[in-house]
Amino acid sequence: MKKRFLIGIFMILLVFNVTGCGANQQNDNVNVEDTVSKDGFLLGTYVVVKMYDSDNEEILNKVFDRLKEIEDRMSINIDKSDVSEINNNAGIKSVRVHDDVYFVLRKAKEYAEITDGAFEPTIGPLVKLWGIGSKDEKIPTQPEINDSLAQVDYNKLKLLDDNMVFLEDEQMILDLGGIAKGYAADEAKRILLENGVNSAIIDLGGNVYAVGSKPDGSPWRIAIQSPFETRGNHVGVMPESDISIVSSGDYERYFEENNKRYHHIIDSNTGYPAWNNIAGVSVLSKDSIDGDALSTALFVLGVEKGLRLVEKLEDIDVIYITKDNKIYISSQLKEKFELADEELELIIP
Ligand code: FAD
Ligand code: MG
């Protein structure tokens with residue numbers, strides 16, 4: 001079995017073109033030596049926060065403390081997290097959670113409804129069954145998949161008064177892996193802004209927030225990196241300020257068997273990894289929680305349904321790159337998006 005598990009390596013990664021995010025770049029009015037940054041491993045991924053208009057390291061410490069707090073409350077891998085408490089009491093009793101957990105759960109349920117279950121916060125039994133990225137990863141049998149599918153249903157996630165949460169069936173498992181990093185990025189941004197930072201980049205393993213603008217006040221130049229392993233460059237560039245960019249794909253956690261890629265984004269209709277011709281999808285939004293939930297859902301939905309959904313949503317944009325070398329962008333990006341890879345055919349609905 002050929003196995004690949006990438007942590008902190010993102011084939012679609014946002015590079016902040018000529019903003020000094022690259023270690024050797026000192027152009028475009030950003031002097032790298034003026035940046036103060038902190039990195040670490042949190043939320044199961046490599047986190048980097050860079051400030052361009054402040055050298056106060058205390059602010060970065062506050063951001064990291066908050067990220068740790070979010071992990072402690074929302075991780076499925078931490079025994080006493082609110083999410084684990086909900087899971088441990090599934091089918092038994094409701095559990096009171098912190099305000100932030102309740103907020104994320106409300107959003108998760110809202111996106112499950114908007115996407116008709118393409119975003120599925122109770123996907124846990126299937127994630128556990130496949131074990132993608134863990135030492136137990138395997139192709140399950142069809143009866144096993146059917147059993148787990150029967151335990152997946154966001155309608156049975158009950159959000160009650162006073163922050164009480166209940167999973168109706170005993171075998172249900174809540175998994176916020178597809179949305180909590182987005183919330184964490186929003187919280188990191190809030191703390192930076194509250195402390196007077198107006199030019200910063202937050203990168204939570206491919207979940208990126210470009211806070212404010214470049215220190216000179218001009219927009220960041222957001223480049224979407226090519227998801228194709230054989231090509232290094234970015235596929236296109238956009239000027240943007242104060243924007244979240246979240247990418248999902250089948251390239252982050254997967255194993256391959258018989259030339260098929262088994263990856264970590266599961267289709268709750270079939271119980272299998274969502275198979276389609278998408279090489280990567282990136283979502284632009286004001287709040288990263290929206291972009292995170294949507295990037296997962298838009299991957300599952302595929303290009304056609306995904307674009308149709310995005311056109312109905314306010315302030316959300318999407319860039320799909322397909323394995324047959326096409327790049328689809330939502331109509332609002334038409335004026336902004338500069339194609340940089342001539343091997344790709346740009347398609348605007
Ligand atoms: P996304 O597309 O945003 O999300 C995919 C993830 O969402 C999957 O990994 C799965 O967890 C879930 N998912 C799958 N299908 C769906 C679906 N249809 N709808 C909704 N959700 C779905 N990783 C570790 O290895 N160890 C850790 O200890 C660990 N702790 C974490 C703690 C927290 C609070 C969070 C948020 C993440 C943690 N992670 C950990 C990382 C996590 O397991 C995922 O790899 C990561 O969140 C996936 O993000 P992504 O951006 O790659 O993909
Ligand atoms: Mg996501």
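This is a tour of selections to make in a predicted model, stop by stop.

**Stop 1: the magnesium ion**

Select ligand 2, the magnesium ion, together with Gly178, Asp292 and Thr296. These residues supply the protein donors: the O atom of Gly178, both O and OD of Asp292, and OG1 of Thr296. The donors lie 2.1 to 2.6 Å from the ion. Along the chain, the donors follow the spacing G-x113-D-x3-T.

Now show helix H7, residues 288–312. Why are aspartate 292 and threonine 296 about one helical turn apart? They are 4 residues apart in this helix, so about one helical turn separates them. Colour the chain by accessibility and look at both again: aspartate 292 is buried, and threonine 296 is buried too.

**Stop 2: ligand 1**

Keep aspartate 292 selected and add ligand 1. A polar side-chain atom of aspartate 292 lies 3.0 Å from an oxygen atom of ligand 1. Aspartate 292 therefore appears at two stops, as it is also a donor of the magnesium ion and sits in helix H7.

How much of ligand 1 does the protein bury? Taken alone, ligand 1 exposes 930 Å², and 88% of that is buried by the protein. Helix H6 (180–194) and helix H7 are the elements that give two or more residues to the shell around ligand 1.

Next, select arginine 253 and histidine 264. An N or O atom in the side chain of arginine 253 is 3.0 Å from an oxygen atom of ligand 1. For histidine 264, the corresponding distance to an oxygen atom of ligand 1 is 2.9 Å. Then widen the selection to the 23 residues around ligand 1. Those that come nearest are Asn77, Glu120, Gly177, Ser248 and Ile266.

**Stop 3: two aspartates in loops**

Select aspartate 116, in the loop between helix H3 (99–114) and helix H4 (124–130). Its phi is positive, about 55°, although the residue is not a glycine. Is aspartate 116 buried or exposed? Its relative accessibility is 65%, so aspartate 116 counts as exposed.

Move on to aspartate 162, in the loop between strand S6 (157–159) and strand S7 (164–167). Phi of aspartate 162 is near 55°, again a positive value in a residue other than glycine. Aspartate 162 counts as exposed because its relative accessibility is 58%, and the cut-off for exposed is over 50%.

**Stop 4: serine 213 and isoleucine 224**

Show strand S9 (207–212) and strand S10 (220–225), and find serine 213 in the loop between them. Serine 213 has a relative accessible area of 16%, so it is buried, as the cut-off for buried is under 20%. Add alanine 200, which is 13 residues from serine 213 along the chain. The C-alpha atoms of these two residues are separated by 7.7 Å.

Isoleucine 224 is in strand S10. At 0% relative accessibility, isoleucine 224 counts as buried. Select valine 281 as well: it is 57 residues from isoleucine 224 along the chain, and their C-alpha atoms are separated by 9.9 Å.

**Stop 5: a nonpolar patch**

Finish at the surface with Leu339, Leu346 and Ile348. Together they make a nonpolar surface patch of about 200 Å². Leucine 339 is in strand S18 (residues 338–339). With a relative accessible area of 35%, leucine 339 is partly exposed.

Technical notes:
Residues are numbered from 1 along each chain as its sequence is written. Chains are lettered from A and ligands numbered from 1 in the order in which they are written. This is a predicted model: local features need pLDDT of at least 70, side-chain atom pairs count only at pLDDT 80 or more; totals for chains, interfaces and linings use all residues. Side-chain values use heavy atoms; hydrogens and water are left out. Donors are N, O and S atoms within 2.8 Å of the metal (3.2 Å for Na, K and Ca); water is not among the atoms, so sites may look incomplete. Buried means under 20% relative accessible area, exposed over 50%, partly exposed in between (1.4 Å probe, protein chains only). Patches are made of residues with over 30% relative accessible area and no salt bridge: like charges are joined within 9 Å, nonpolar side chains (Val, Leu, Ile, Met, Phe, Trp, Tyr) within 5 Å. Accessible areas come from the Shrake-Rupley method with a 1.4 Å probe; for residues, only the protein chains shown count as cover. A salt bridge is a side-chain nitrogen of Lys or Arg within 4 Å of a carboxyl oxygen of Asp or Glu. A residue is near a molecule or strand if one of its heavy atoms lies within 4 Å of it. A polar contact is a pair of N or O atoms within 3.5 Å; within protein, one must be able to donate a hydrogen and the other to accept it, and residues adjacent in sequence count only if both atoms are side-chain atoms.
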